[in-house]
Amino acid sequence: MVTKFYQHALALAFAVKEINEDLQILPNVTLGFHIYDSYYDAKMTYRTTLDLLFKSNSFLLNYKCTRQKNLIAILGGLGSDISFYMADILGLYKIPQLHPYLQRVSFNNSAGDTVSFNDQKEMRGGFDVVHMVVFPNRSFERVKIGWIHPYGPQEDEFVFHDDMILWHRAFNQLTYGALVPGKTDSTLVPSFYSMVSNEAQQYLGILKLLQHFGWTWIGMFIHDNDNGQKFLKTMEALLFQNGICTAYRQKIPQRIHLDNFEEMVEITAYIDVPLMDRKTTVFLLYGESVTLAQLRTILFMQDPGNKLKDSFMKVWVMTSGIDFTLPFLQRSWDLDFFQGAISFMFHSRELPGFSEFLEGIKPSKTKDQSFLKEFWERAFDCSFPVPGKEIEKNEMCTGKERLQDLPRPLFEMGTTTHSYSIYNGVHAAAHALNAMLSSQSRQRVFRKVKTFELFELQPWQVCPLSVCNEQCHPGKQKKKKEGEKFCCYDCVPCPEGEISNKTDMEKCFKCPEDQYPTKGKDDCIHKTVTYLSYKEVLGIILASISISLSLITAHILGIFLKYRDTPLVKANNRDLTYILLISLYFCFLCPLLFIGQPSKVTCLLRQPIFGINFSVALSCILAKTLTVVVAFMATRPGSNMKKWVGKRMATSIVLFFSLIQVGLCTIWLGTFPPFPQLNVHSVTEAIINECNEGSPVMFSCVLGYMGFLSLASFFVAFCARRLPDSFNEAKFITFSMLVFCSVWLLFVPTYLSSTGKALLAVEIFSILASSAGLLGCIFFPKCYIILLRPELNTKDQLIRRKD
């Protein structure tokens with residue numbers, strides 16, 4: 001005998017008592033009841049069902065041998081299999097015949113719930129999500145933390161308050177349960193009505209619970225019967241569709257007789273519960289009302305000394321049919337392994353007056369004491385006096401023991417879900433009988449929405465995990481492990497330029513163009529818009545150098561204008577010198593167009609102005625060098641070069657070569673002009689506000705043409721460096737062009753490998769360095785003579801040096 005289940009019989013008696021005392025229902029009709037034991041066995045269930053129908057000590061099939069009272073309804077067993085065994089017999093004899101009226105039953109019970117059936121002959125209602133708090137005295141408390149309400153608003157269909165849960169100190173158990181009928185077609189058993197809600201809602205509740213906490217790697221324990229197999233098949237398919245894997249499955253034998261310890265030891269010896277498996281922390285348990293007691297036996301066999309209970313880091317998820325109960329042999333055992341359990345239970349409420357009814361149950365107050373005395377002896381571990389048998393005084397039952405003093409695993413004073421279902425079943429049958437007797441159908445639908453009070457418990461300190469491997473944190477993505485289930489995977493860092501901002505992401509993704517990944521690759525940061533500004537150090541330095549060199553050039557031009565009539569200035573073609581200095585002056589100012597926020601005007605002008613100014617400067621140098629060469633050649637006897645000596649040739653050279661560059665720039669601006677753009681690709685952490693050159697080909701032509709002029713000037717100057725002329729500049733020009741060509745040869749690879757501010761800095765440096773090379777190599781020696789050695793700036797001195 002499982003003492004806790006005695007409450008089910010008392011709930012039946014309480015409901016019958018209420019109905020018989022209620023003058024509003026079944027007037028002049030008195031209800032009674034018989035209780036039969038199924039012994040958890042199909043054969044005995046058939047036997048007792050036939051005994052119920054024909055009521056004979058040695059019954060004859062299809063014959064009533066004794067006087068019968070009218071049988072109006074039969075309440076089935078705790079498990080659906082027992083109920084269907086009974087239905088197989090009852091269906092043959094069309095007993096009972098209340099089902100047409102049961103279908104239309106609708107009433108409010110004493111707890112305020114509406115009792116009615118849906119089209120599938122299942123009781124309308126739902127499931128309560130209950131948190132189990134286990135106490136050291138082997139008792140426990142149920143705390144309602146949520147519900148499944150399939151007939152309510154969609155947003156209230158599944159509600160779960162995880163902040164109400166108090167875990168075991170090593171976080172332990174979460175329970176969940178359901179009865180899975182072996183037969184669901186109501187046409188097979190038309191008189192069969194279920195006093196519990198549709199199981200499909202419970203499946204969805206399990207799934208949502210697992211998803212709520214991210215549990216994707218679970219173990220499953222199922223009762224070894226047809227219902228267990230159906231549950232396993234249905235649940236595994238549902239879990240697979242939603243990315244949840246089962247680490248393993250363990251079957252619990254269908255029949256473990258809890259009063260036979262030797263049999264329990266023999267059967268459970270081959271069952272393994274992975275107590276120390278750290279990877280799987282969630283167990284889904286499906287079974288019947290005594291499954292927990294069976295599982296407790298299995299755990300006892302693996303850990304007889306209870307040494308692992310404090311470190312048993314498992315979360316049990318049990319189905320609604322499972323009850324927290326301990327049989328007689330386990331009465332001294334604790335339930336610490338199931339601390340913190342959450343159970344999906346059929347919806348129930350406390351029945352008014354039921355606790356008082358239980359408190360009044362005493363063996364001395366019952367006429368037929370045999371059944372109650374057996375329960376009493378089992379519950380309180382005592383014995384009633386028997387004539388001729390000696391009993392120790394401390395082992396004797398007094399009949400004054402109180403049911404409320406028993407631990408809850410042995411007996412509960414509150415209304416259990418099974419007792420609540422029995423109570424509703426009796427009242428449903430009574431209302432159907434009342435409707436049949438009055439030949440009318442009464443439907444009374446009342447809806448009372450009441451809020452339930454929750455215990456104020458501390459929230460979870462740590463939410464337990466149950467996954468095949470640790471979750472892939474943000475910044476990583478999944479990579480499937482070969483040969484293992486899809487729930488098992490490696491976590492690999494995101495590729496460069498990609499992020500994952502959630503756990504367990506299948507694939508990383510790129511940030512928007514205006515954002516870039518963090519160092520941990522778990523978020524995107526907005527890029528800053530950058531350009532070479534006058535406000536930053538690099539921009540200030542380059543602008544300062546540019547202005548300083550332009551001022552130096554202007555000062556040198558002033559010196560040459562002041563001393564324009566001296567032999568040194570006159571001997572080196574004053575007009576070309578002035579043009580060269582003016583072009584160098586503007587070359588030094590060109591970098592100012594490269595600094596600052598790019599605009600349409602600055603992008604349009606900066607490269608053409610730079611190219612044209614440099615072309616003019618190089619054309620002047622080429623003209624100077626060619627003038628010296630032609631002048632020397634004209635001094636030879638019979639030479640025809642005298643007609644080329646003069647300012648006309650030099651001016652023509654400058655104009656010709658400069659106009660070629662002007663033509664190239666005009667074509668460039670007319671076809672593919674430069675324009676400002678935001679470059680989001682070159683630099684990872686910034687958006688570069690830059691000028692797009694429009695046509696790389698035309699830009700290359702402009703630079704290439706300057707390279708051609710510089711090489712031509714270098715070649716002519718190198719050839720003319722040894723000509724016998726005191727004022728021959730070829731040596732200085734040769735060196736200046738060597739510096740110029742070296743700078744721009746280094747510029748090309750550096751420019752191509754640079755981006756953003758570095759690219760502009762490279763070009764500005766090249767402009768300033770090459771221009772400074774021309775200015776220093778050509779004009780500094782002359783300024784030295786003009787300003788510091790004026791005695792050398794005379795005609796006599798020049799003639800003397802020539803001689």
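Biologist: Nice to have this one in front of us; which residues are linked in a network of salt bridges?

Modeller: Happy to start there, and please keep in mind that this is a predicted model. Side chains of opposite charge can pair when their charged atoms come close. Here the network of salt bridges is made up of Lys4, Asp323, Arg408 and Glu412.

Biologist: How far apart in sequence are the parts that the pair of Lys4 and Asp323 ties together?

Modeller: The side chains of Lys4 and Asp323 meet in a salt bridge, at 3.1 Å from N to O. Lys4 lies in the segment before helix 1 (6-21), while Asp323 is in the loop between strand 9 (315-318) and strand 10 (342-346), so the two parts tied together are separated in sequence by 319 residues.

Biologist: And what is the N to O distance between Glu412 and Lys4?

Modeller: A salt bridge counts when the side-chain nitrogen is within 4 Å of the carboxyl oxygen. The side chains of Glu412 and Lys4 do meet in a salt bridge, with an N to O distance of 2.7 Å.

Biologist: Where does Glu412 lie, and how many residues apart in sequence are the parts it ties together with Lys4?

Modeller: Glu412 is in the loop between helix 10 (370-380) and helix 11 (417-437). Because Lys4 lies in the segment before helix 1, the pair ties together parts whose separation in sequence is 408 residues.

Biologist: Is Glu412 buried or exposed?

Modeller: Buried means under 20% relative accessible area. Its partner Lys4 has 2% relative accessibility and therefore counts as buried. Glu412 has 1% relative accessibility, so Glu412 is likewise classed as buried.

Biologist: What about Arg402, which side chain does it meet in a salt bridge?

Modeller: Arg402 counts as partly exposed, because its relative accessibility is 41%. The N to O distance in its salt bridge is 3.0 Å, and the partner is Asp405.

Biologist: How many salt bridges does the count come to?

Modeller: We have now met several of them, among them Lys4 with Asp323 and Arg402 with Asp405. The count for the model comes to 15.

Biologist: On to the cysteines, then; is the disulfide of Cys468 and Cys488 right-handed or left-handed?

Modeller: Cys468 is joined to Cys488 with an S to S distance of 2.0 Å. Cys468 lies in the loop between helix 11 and strand 11 (476-480), and Cys488 in the loop between strand 11 and strand 12 (489-493), so the pair ties together parts that are 20 residues apart in sequence. Both Cys468 and Cys488 are buried. The torsion about their S-S bond is about 95°, so the disulfide is right-handed.

Biologist: How many residues apart in sequence are the parts tied together by Cys494 and Cys508?

Modeller: The sulfur atoms of Cys494 and Cys508 are 1.9 Å apart in a disulfide. Their link is left-handed, with -75° about the S-S bond. Cys494 lies in the loop between strand 12 and strand 13 (498-499) and Cys508 in the loop between strand 13 and strand 14 (509-510), so the separation in sequence of the parts they tie together is, in residues, 14.

Biologist: What is the torsion about the S-S bond of Cys511 and Cys524?

Modeller: Cys511 and Cys524 form a disulfide with their sulfur atoms 2.0 Å apart. Cys511 and Cys524 are both buried. The disulfide is left-handed because the torsion is about -90°.

Biologist: Why does Cys587 form no bond with the closest cysteine sulfur, and in which residue is that sulfur?

Modeller: Cys587 is buried, with a relative accessible area of 0%. A disulfide needs sulfur atoms within 2.5 Å. The sulfur of Cys587 is 5.5 Å from the closest cysteine sulfur, which is too far for a bond, and that sulfur is in Cys590.

Biologist: Turning to the surface, which helix gives the most to the nonpolar patch?

Modeller: The patch covers about 350 Å² and is made by Val601, Leu604, Leu605, Ile609 and Leu669. Val601 is found in helix 16, and it counts as exposed because its relative accessibility is 54%. With four residues, the helix giving the most is helix 16 (residues 600-634).

Biologist: Last one: what percentage of the residues of the whole protein count as buried?

Modeller: The protein has 21 helices and 19 strands. Its accessible surface comes to about 40000 Å², with 58% of that belonging to carbon and sulfur atoms. Of its 803 residues, the percentage that count as buried is 50%.

Note on methods: Residues numbered from 1 in each chain as written. Predicted model: local features only at pLDDT ≥ 70, side-chain atom pairs only at ≥ 80, totals over all residues. Heavy atoms only, no water. Patch = residues over 30% accessible without salt bridge, like charges linked within 9 Å, V, L, I, M, F, W, Y side chains within 5 Å. Areas by Shrake-Rupley, 256 points an atom, 1.4 Å probe, with all protein chains shown as cover. Buried < 20%, exposed > 50% of the residue type's maximum accessible area, 1.4 Å probe, protein only.
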